[in-house]
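Colleague: Please take one part of this model, look at it closely, and then set it in the context of the rest of the chain. I would like a connected account rather than a list, with the reasoning shown wherever a cut-off decides the matter.

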Amino acid sequence: MATHNHTGPADLSGVNRAFIVGIVLNLLFVVVEFGAGFFLNSLALISDAGHNLSDVASLALAMLAFRLAKVKPNQTFTYGLRKSTILISLFNAVILLIVIGAIAWESLGRLKEPLHVQGDYMAVVAGIGIIINAVTAMLFFKNRKKDLNIKGAFLHLAADALVSLGVVVAGVVIGITAWYWLDTAVSFAIVIVILVSTWGLLRDSTILALDGVPRGIDLEKVRIAILSSKEIKDVHHIHVWAMSTTENALTAHIVVANDFPLSAFEPLKAAIQKSLLVQNIHHSTLEIELTGEPCKSIEF
């Protein structure tokens with residue numbers, strides 16, 4: 001006999017507005033920073049603009065993911081399109097890797113022939129970037145731990161604010177010393193910052209896309225939580241995976257005594273559901289087995 005439960009995912013009200021504001025602000029700044037970068041011969045500004053452009057794409061994709069997650073299940077997609085949030089998160093990470101590859105390639109070329117850079121103007125433009133990225137990042141601060149796409153947006157924007165700070169410092173130094181090679185050095189630093197901030201997102205997204213156990217869920221703690229009900233003698237065939245970046249699911253076989261009354265199962269199920277919710281599992285399907293009844297399922 002099997003049963004399942006559904007509980008709602010994390011409350012992410014207000015996130016859609018944050019995405020729209022973030023997209024508009026960053027897109028406007030990308031245009032300004034790209035133009036300034038070309039005009040001032042600053043690879044650091046162009047690199048930072050490229051990073052900001054990837055953030056615009058990331059925010060747009062994440063907002064699309066939330067829209068797709070609301071699509072109702074149908075005959076083809078019985079879970080709806082929740083999984084798209086994970087795929088988009090993975091795609092987002094891949095885009096960032098492509099961006100840093102392009103920046104690194106251009107930086108290598110600039111090492112041979114550093115160009116004249118107007119450091120003072122470069123610092124002013126990057127300073128504007130600090131304000132825009134910091135303000136936008138704060139829009140996602142509250143919900144950053146509730147969803148992988150929101151976490152990705154927050155990390156990208158926070159990293160951009162730090163990168164812009166580095167560009168400001170470089171601009172000031174270049175204006176004083178005329179060390180034009182510093183512009184290229186900063187672009188390399190930007191590559192490293194993006195790579196570090198992207199690696200975790202790429203790793204987590206890949207794990208979820210392959211139906212791995214979501215980060216933050218300990219299978220042993222899940223097992224202990226289920227066994228906390230004294231009526232349960234054993235539990236096995238535990239499988240946990242992500243249905244989306246906000247919802248996790250579980251299937252498990254639970255063993256009860258041979259004389260366990262069917263009427264007592266609903267209270268037992270409610271207790272299990274409550275304990276699993278604490279473990280951040282929102283959807284559970286449980287198969288009941290009796291102590292003297294061998295499990296016929298094949299363990300994967």
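Modeller: Ala 57 counts as partly exposed, because its relative accessibility of 28% falls between the 20% below which a residue is called buried and the 50% above which it is called exposed. Ala 57 belongs to helix α2, the part I have chosen, and this helix is for the most part covered, with 20 of its 27 residues buried. The helix runs over residues 43–69 and reaches 38 Å from its first C-alpha to its last, close to the 39 Å expected at 1.5 Å a residue. Ala 57 also has a partner distant in sequence, since Ile 95 comes 38 residues away along the chain and yet the two C-alpha atoms are 8.7 Å apart in space.

All of this is read from a predicted model, and a word on confidence belongs here. The mean pLDDT of the chain is 79, and 88% of the residues reach 70 or more, but over residues 1–13 the value stays under 50, although the model has 39 contacts beyond four places in sequence for that stretch. Where pLDDT is low, the predicted coordinates should not be read in detail, and I leave that segment aside.

From α2 the natural step is to the largest nonpolar core, which has 29 residues, and in which Leu 45, Met 122, Val 167, Val 186, Ile 190 and Ile 194 touch the most other members. The elements giving two or more residues to this core are α1, α2, α3 (84–112), α4 (119–139), α5 (148–177) and α6 (181–209), and the greatest contribution, six residues, comes from α3. In soluble globular proteins, nonpolar side chains tend to be buried together. Met 122 shows what surrounds one of these well-connected members: leaving out residues up to four places away in sequence, Met 122 touches Leu 40, Ser 42, Ala 44, Leu 45, Val 117, Val 167, Ala 170, Gly 171, Ile 174 and Asp 183.

The helices are not covered everywhere, and Trp 105, which lies in α3, is an instance: its relative accessibility is 68%, so it counts as exposed. The C-alpha of Trp 105 is 9.7 Å from that of Phe 188, which is 83 residues away in sequence. In helix α1 (residues 15–40), Phe 34 and Phe 38 sit four residues apart, about one turn of the helix. The structure holds one aromatic pair, and Phe 34 and Phe 38 form it, with 6.4 Å between the ring centres and 20° between the planes, so that the pair counts as stacked, the limit for stacking being 30 degrees. The two rings do not share an exposure class, for Phe 34 is partly exposed at 24%, whereas Phe 38 is exposed at 58%.

Seen as a whole, the chain has eight helices and four strands, in the order β-α-α-α-α-α-α-α-β-β-α-β along the sequence. Buried residues make up 46% of its 300 residues, and among contacts between residues at least 6 apart in sequence, 75% join residues at least 24 apart. Besides the largest core there is a second, separate nonpolar core of 18 residues, including Ile 217, Val 240, Phe 260 and Ile 288.

Strand β4 (residues 283–290) contains Glu 289, an acidic residue that is nonetheless buried, because its relative accessible area is 5% and the cut-off is 20%. The side chain of Glu 289 makes a polar contact of 3.1 Å with that of His 236, and beyond four places in sequence Glu 289 is in contact with His 236, His 253, Ile 254, Val 255, Val 256 and Cys 295.

Two backbone angles close the survey. Most residues other than glycine have a negative phi. His 237, however, has a positive phi, near 50°; this residue is placed in strand β2 (residues 232–242) and counts as buried, at 11% relative accessibility. Asn 280 likewise has a positive phi, near 70°, but lies in the loop between α8 (265–278) and β4, where its 39% relative accessibility makes it partly exposed.

Notes
Residues numbered from 1 in each chain as written. Predicted model: local features only at pLDDT ≥ 70, side-chain atom pairs only at ≥ 80, totals over all residues. Heavy atoms only, no water. Expected span 1.5 Å × (residues − 1). Buried < 20%, exposed > 50% of the residue type's maximum accessible area, 1.4 Å probe, protein only. pLDDT = per-residue confidence, 0-100. Contact = heavy atoms within 4.5 Å. Polar contact = N/O pair within 3.5 Å; in protein donor to acceptor, adjacent residues only side chain to side chain. Phe/Tyr/Trp six-rings, centres within 6.5 Å; stacked < 30°, edge-to-face > 60°. Core = buried A, V, L, I, M, F, W, Y, C linked by side-chain atoms within 4.5 Å.
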